[in-house]
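Visitor: Hello! I have not seen this structure before. Could you show it to me and walk me through it?

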Amino acid sequence: MKSYDERIKWYKEARFGMFIHWGVYAVPARGEWVRSDERLSIQDYQPYVDAFHPERFDAAEMARLAKHAGMEYAVMTAKHHDGYCMYDSALTDYSSMHDCGYDFIREFIEAFRKEGLKVGLYYSLLDWHHPDYPHYGDRHHPERDNPEYQDYRYDFSRYLEYMHGQIKELCSNYGKIDLLWTDFSYDEMRADTWHGEELVRMIRSLQPDIILNNRMEASGEGFGSLIEERPEITSGDFVTPEQIIPPNGIRNYQGDPVMWEACVTMNNHWGYCRDDHYYKPACMIIQKLVECVSKGGNLLLNISPDEEGALPEEQISILKEIGDWMSVNRESIHSCGYSGIEKPEYGRITRNGNRIYYHVFENQFGGIPLPGIRKEQIASIRMLCGNPVRISDSWITSNYPELVFADTREDPVLPDQTDTVIEVVLKEE
Ligand code: GLC
């Protein structure tokens, strides 16, 4: 069995992945929480299930977009909280396979593998369709305050059997799964409730190299035992801050860096939302990806196909724009992490061994300071976009003899206004 360091290696180097939230909720198009938000019963939701006959889901195209964007892995929703399965499950008819003959998870896995990306599956521990999941009084269930369910009897052990069984199917029927993203724990619904230990042992026996997130025992609100002195078997392999980049990265009880992945939407919804056009621009997402890497984390950026399975135009163009930047600058992202050098005012620094990447977000007068290095250490220096860089020997910077500067007098405007990357290769010591 591989050690944690061996298992986590590809994931740590990947730095950038695609999240795909897609399910029946794309039909009402008000986000994946629509049943809970609007207290929709199973019957209220059924017309959307009946209308879900997507004919435009093109996994190969999505995989190409992800690859072009410089993403190295992707995670797709096999089942979300609404309980609807996007794959072929022998344990329920509530699935795309049963209703329209498509196993979208298989399509996703095959297409992304073909592009050389790692594949992950999202699986909701919550299930608002299963009769044995707590209804009344639960914090999130669509029937949580419906008096008709007050005396409703359910047998949670039957749900556990179902949920464990489905995870077993996903870990058995699709070849190698690189990552499993279970979601999520809250209130009484925690690792013990899920029979988490048993679940993790089963998952790891079927997929020995798999990487697990921390949500079997934590939610976006807590980090779980991975950062504690004695992690539990259910702690997972990485922490999952949601819609935020941790201000100082994430460290464990000893102050050592812990692997994390920020999951973020392009607009404000995970599942397709027709009226949500509040998109973050590509330039912002690029700078935030750099921020994640400089703090030792990954970025999992979400896309949300519509009811037909097609990607909204805005999402396609954001991915393409990120890809254009990545095609020039990917080596400053992949396999990079903490630089150990304090963040400069104009941007951020990432590092891969003796290669240091200065990400310059702002034009500078005269020279760009390159902290953390001495002139004699430099083996080579260049911009990743190909422009030469001259080290300043001008009187302008001579008052700061301890700092190296890139001279910008002849190029006052950065070639890339989003992020111009200066690579410094240090001499081997
Ligand atoms: C959440 C939400 C969910 C989303 C996810 C992504 O906790 O419940 O809808 O899929 O996290 O991080």
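**A first walk through the model**

Guide: With pleasure! Please keep in mind that this is a predicted model. Let us begin with the ligand and its surroundings.

Visitor: How many residues surround the ligand, and which are the closest?

Guide: A residue is counted here if one of its heavy atoms lies within 4 Å of the ligand. By that rule 14 residues surround the ligand. The closest are His-21, Glu-32, Trp-33, His-80 and His-81.

Visitor: How do the residues of the shell divide into nonpolar, polar and charged?

Guide: Three residues of the shell are polar and four are charged. The other group, the nonpolar one, has seven.

Visitor: How far is a polar side-chain atom of Glu-32 from an oxygen atom of the ligand?

Guide: A polar contact here is a pair of N or O atoms within 3.5 Å. Glu-242 has a polar side-chain atom 3.1 Å from a ligand oxygen atom, and for His-21 the distance to a ligand oxygen atom is 2.5 Å. For Glu-32, the distance from a polar side-chain atom to an oxygen atom of the ligand is 2.4 Å.

Visitor: How much of the area that the ligand exposes when taken alone does the protein bury?

Guide: Taken alone, the ligand exposes 310 Å². The part of this area buried by the protein is 94%.

Visitor: Let us turn to the sheets. In the open sheet of seven strands, why is one side of β5 and of β6 left without a neighbour?

Guide: This sheet is paired in parallel, in the order β5-β4-β3-β2-β1-β7-β6. β5 (211-212) and β6 (260-264) stand at its edges, so one side of each has no neighbour in the sheet, each having a single partner strand.

Visitor: Which residue in β3 is the bridge partner of Lys-79?

Guide: Strand β2 covers residues 73-79 and strand β3 covers residues 118-124. The two pair in the parallel sense over six bridges. The partner of Lys-79 in β3 is Tyr-123.

Visitor: Which are the edge strands of the open sheet of four strands?

Guide: The order in that sheet is β8-β9-β13-β11, with antiparallel pairing. An edge strand pairs on one side only, and this holds for β8 (347-352) and β11 (378-383).

Visitor: At about what angle to β8 does helix α9 run?

Guide: Helix α9 takes in residues 282-294 and lies across β8 and β9. Its angle to β8 is about 50 degrees.

Visitor: Where is the place of Phe-184, which follows a cis peptide bond from Asp-183?

Guide: The bond from Asp-183 to Phe-184 is cis, with omega near -5 degrees. Phe-184 sits in the loop between β4 (179-183) and α8 (196-206).

Visitor: And which residue has a positive phi although it is not a glycine?

Guide: The residue is in the loop between β1 (16-20) and α2 (34-37). Its phi is about 60 degrees, and its name is Ala-29.

Notes: Residues are numbered from 1 along each chain as its sequence is written. This is a predicted model: local features need pLDDT of at least 70, side-chain atom pairs count only at pLDDT 80 or more; totals for chains, interfaces and linings use all residues. Side-chain values use heavy atoms; hydrogens and water are left out. A polar contact is a pair of N or O atoms within 3.5 Å; within protein, one must be able to donate a hydrogen and the other to accept it, and residues adjacent in sequence count only if both atoms are side-chain atoms. Accessible areas come from the Shrake-Rupley method with a 1.4 Å probe; for residues, only the protein chains shown count as cover. Ala, Val, Leu, Ile, Met, Phe, Trp, Tyr, Cys and Pro count as nonpolar, Asp, Glu, Lys and Arg as charged, and the others, Gly among them, as polar. Two strands pair if DSSP finds at least two bridges between them. Contact means heavy atoms within 4.5 Å. Axes are lines fitted to C-alpha atoms, for helices over the stretch in contact, and angles run from 0 to 180 degrees between N-to-C directions.
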